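Q: I have a model open and would like to go through its backbone and packing with you. Could you take my questions one at a time?

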Amino acid sequence: MKFRWRPRVVELDDPAQRGLDLGHALGRLAGRSRRVLLDSARGYPSRWSVLGFDPLPPRPAESVLAPRELLAQLESEPGDAVPGPFHGGFLGAFAYDLGAHGERPVNTAPDPTGFERVTGGLYVDFLVRDEQARRTWLVLGEEPGDGRPPVAVRREQIRALLERERAPSSWRATPARRLVSSEEHMRRVERCREFIAAGDVYQANLAYRMLSNVEGTPEDCYERLRACNPAPYMAFADLERGALLSASPELLLEFDGRIARTRPIKGTARRNEDPSEDARVRRELLQSEKDRAELAMIVDLERNDLGRVCRPGRVWVEGFPSLESYARVHHLMADVVGEVSSGLDACDLLVALFPGGSITGAPKLRSMEVIAEIEGEGRGFYCGSLGFIDTRGQAAFNILIRTGLWRARTGGGELGFRVGGGITWLSSPPLEDAETLAKARGWTDVLAGTGVVA
């Protein structure tokens, strides 16, 4: 079946709506189906946010090639100019457990969350916000062919929802409990170092799960996450029996139709409230032999991944290393950039890069096998990716770190999230364990009610 993409755009020019970030809009649109939010809340870069709702009927297959199959069903027609980076098309998320496409499968235990491995779909109705100009537009597909009401009717429905006041909700959460003790995580770090000493891998990313029982809604939780730990690649997605909530700072793929970019993160240090102490922490992170070596290994891996889909000699590195500061931590990162070979599309790039090397290790496939053996369970959406491929073939995807999975329970939900880090031969088990707790602060502050929700 073919669907039509003829965009109709209106700016939401009411002053109250201009101040309405899409994190708040998410709660007001709680009744719409299969919402997917790409939220550029704060940090580098922070410009455009998109909230898709009510996708077209076809469901995505459980494959990183699902966007190509879905986009083939959508025919673009002339319409209004669409602001921002997303011009209708696929919005969705892929679970880490899909593995590296086209490679031998990695045998993992089941994902304990039990969620689907792909979510999202084909979107012609969405909100887009310019975070710098504080302007928001409503974009609707005119008569896409699935029997939805006319544009004028849908426009007034969405306006009414955005203007309504949300009833106050209760919020209560138990402290997050580790499902892997500190002693066990340090033992796992040593086991990983044994694999490195044997020459199996250069590094591998180890993580463990934390769990909390929560009273409230996933939208409440997301607003608190946004207040506590804002990041440039935040995200929310409805799942069949829950929701995905992410405060990711990491870019897996950005593609403008010609140039592809990935921005791996390796190297973490906890923020300090004292400015002089925080500056010292920044300097030490930039000078850290262990962290720079870890970043160099992953940059080399990403150069290889991009090299498979880029023109010979047209892959390069920018800003090695760069340091960016976020609400809870500092990170080291670098950009790996390439000019894509003719005839290849955004799905080809996603296949080449997924899952991101910074959350597997090097070499990628063997490190994934080591991770599966040591962690003993599937990761689900954690360390997968969420983003878009639009009708023009442009794309942007994050890496789902700092990501929680909400499972519905009577009166609230169960929130699980993982924290981890890259292990090298130079890793100190106590310091690696402390790093996981620094990364968990965004979530533990949410659960403790530390964040102020505007």
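Q: Which elements do the buried residues of α10 pack against?
A: Bearing in mind that this is a predicted model, the buried residues of α10 pack against α5 (182–197), β12 (203–215), α8 (289–307), α9 (346–353) and β20 (361–362).

Q: And how many of the residues of α10 are buried?
A: Of the 12 residues of α10, 10 are buried, so the helix is largely enclosed by the rest of the structure. The buried residues are Lys 364, Leu 365, Ser 367, Met 368, Glu 369, Val 370, Ile 371, Ala 372, Ile 374 and Glu 375.

Q: What distance does α10 reach from its first C-alpha to its last?
A: Helix α10, which covers residues 364–375, reaches 16 Å between those two atoms, and this is close to the 16 Å expected at 1.5 Å a residue.

Q: What is α10 followed by?
A: The helix is followed by Gly 376, a residue whose phi is positive, near 75°. On the other side, the loop between β20 and α10 holds Pro 363, and the peptide bond from Ala 362 to Pro 363 is cis, with omega near -10°.

Q: Where is the cis bond that leads to Pro 321?
A: That bond runs from Phe 320 to Pro 321 and has an omega near -15°. Pro 321 has its place in strand β18, residues 310–325, whereas Pro 363 lies in a loop. As background for reading such values, most peptide bonds are trans, and most residues other than glycine have a negative phi.

Q: On phi, then, what is the value for Asp 54?
A: Phi of Asp 54 is near 50°, which is a positive value in a residue other than glycine. Asp 54 sits in the loop between β4 (48–52) and α3 (66–71).

Q: Is Asp 54 buried or exposed?
A: With a relative accessible area of 15%, Asp 54 is buried, because the cut-off for buried is under 20%.

Q: What about Arg 134, where is that one?
A: Arg 134 lies in the loop between β8 (126–130) and β9 (135–141), and its phi is near 55°, again a positive value in a residue other than glycine. The relative accessible area of Arg 134 is 47%, so this residue is partly exposed.

Q: Switching to α9, what does Leu 350 touch?
A: Leu 350, which is found in helix α9, touches Val 64, Phe 94, Leu 252, Leu 253 and Phe 397, if residues up to four places away in sequence are not counted. Leu 350 is buried, and its relative accessible area is 0%.

Q: How many residues apart along the chain are Leu 350 and Ser 385?
A: They are 35 residues apart along the chain, and their C-alpha atoms are separated by 9.6 Å.

Q: Last topic: at what angle do α6 and α11 pack?
A: Helix α6 (residues 218–228) and helix α11 (residues 429–448) pack at about 125°, and their axes are 9 Å apart. That angle makes α6 oblique to α11, and the crossing in which α6 passes α11 is right-handed.

Q: Which residues make that contact?
A: From α6 the contact is made by Cys 221, Arg 224, Leu 225 and Cys 228, and from α11 by Gly 442, Trp 443, Asp 445 and Val 446. By character, the residues of this contact between α6 and α11 divide into 5 nonpolar, 1 polar and 2 charged.

Conventions: Residues numbered from 1 in each chain as written. Predicted model: local features only at pLDDT ≥ 70, side-chain atom pairs only at ≥ 80, totals over all residues. Heavy atoms only, no water. Axes fitted to C-alpha atoms, helices over the stretch in contact; angles between N-to-C directions. Helix = DSSP H or I, 4+ residues; strand = E, 2+ residues; numbered from the N terminus. Parallel < 35°, antiparallel > 145°, perpendicular 65-115°, else oblique. Left-handed = near helix turned anticlockwise from the far one by under 90°. Contact = heavy atoms within 4.5 Å. Nonpolar A, V, L, I, M, F, W, Y, C, P; charged D, E, K, R; others polar. Expected span 1.5 Å × (residues − 1). Buried < 20%, exposed > 50% of the residue type's maximum accessible area, 1.4 Å probe, protein only.
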